[in-house]
Amino acid sequence: MVTTGDSQPTKHQEVGHKSLLQSDALYQYILETSVYPREPQAMKELREVTAKHPWNLMTTSADEGQFLNLLLKLINAKNTMEIGVYTGYSLLSTALALPEDGKILALDINRENYEIGLPIIEKAGVAHKIDFREGPALPLLDQMVKDVKLHGSFDFIFVDADKDNYLNYHKRLIDLVKVGGVIGYDNTLWNGSLVAPPDAPLRKYVRYYRDFVLELNKALAVDPRVEICQLPVGDGITLCRRII
């Protein structure tokens, strides 16, 4: 643990357990040097609003939001999907990165959380890019997969939802993302718990979902339809580029 001059540990200010770095001080350095100074005002406002919400652990971290925004610009994404919206921090990051006629199909079971961030998204002038659908994602994805016109129609898909369904999502999303397009799965290092010993003291929800994340990682590692890169950004994100 890095300490300050008075020997007190330096704790980063980002909401939630979103850094896998061993040093909180180093993470705070990244935030203050490279992330917060470049963060759009709308995203800062939404981040601060979300920090006051009791479920703020669910939010995307600021450094990951910055990463997603740049990634979308690098791949020239235009038609995207997001499964798991919460208050919309990553959604806003995406919307700001897309061209004026870009589109995001946003799926979440809770419209109330989305509406926390909606006024900020509207003020940022990007709400017209978002098609929000409330309800479980799998039934809608099943309908979409049946429509061959939608196969290969998405440039980018971001998944930050129920970890026990990640593999079910992957089975459907692989048909909907275009060849050369990218699917991003969030939380694939799951609080660093994946390498914890069996008797490690883990939060109940962390322990419950851990096996599902392990199963996803194993499946993606051998999936011949994608190239993958797993990055220790936020709580871990795995990028899958469809190749066939």
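This section describes the strand pairing, nonpolar cores and cysteines of a predicted model.

Strand β4 (residues 154-159) is mostly covered, with six of its six residues buried. Two strands pair with β4. Strand β1 (residues 79-83) does so in the parallel sense, over four bridges. Here Met81 stands opposite Ile157 of β4. Strand β5 (residues 177-186) also pairs with β4 in the parallel sense, over five bridges. In this pairing Phe156 has Val182 of β5 as its bridge partner. Between β4 and β5 the chain passes through helix α7 (residues 166-176), and this β-α-β crossover is right-handed.

The largest nonpolar core comprises 33 residues. Phe156 is listed with Leu91, Leu92, Tyr114, Ile121 and Ile130 as having the most contacts inside this core. Helix α4 (residues 89-97) gives the most to the core, contributing five residues. Beyond its neighbours within four places in sequence, Ile121 is in contact with Gly88, Leu91, Leu92, Tyr114, Val126, Ala127 and Ile130. Another core, of 25 residues, lies apart from the largest one. Its members include Met81, Ile174, Leu220 and Cys240.

The disulfide count is zero. Cys229 is in no disulfide, and its nearest cysteine sulfur, that of Cys240, is 10.0 Å away. The cut-off for a disulfide is a sulfur pair within 2.5 Å. Cys240 is likewise in no disulfide, with the sulfur of Cys229 as the nearest cysteine sulfur. The surroundings of the two residues were also assessed. Cys229 has 37% relative accessibility and so counts as partly exposed. Cys240 has 1% relative accessibility and therefore counts as buried.

Conventions
Residues numbered from 1 in each chain as written. Predicted model: local features only at pLDDT ≥ 70, side-chain atom pairs only at ≥ 80, totals over all residues. Heavy atoms only, no water. Core = buried A, V, L, I, M, F, W, Y, C linked by side-chain atoms within 4.5 Å. Buried < 20%, exposed > 50% of the residue type's maximum accessible area, 1.4 Å probe, protein only. Contact = heavy atoms within 4.5 Å. Pairing = 2+ DSSP bridges. Right-handed = clockwise from strand over helix to strand, strands pointing away.
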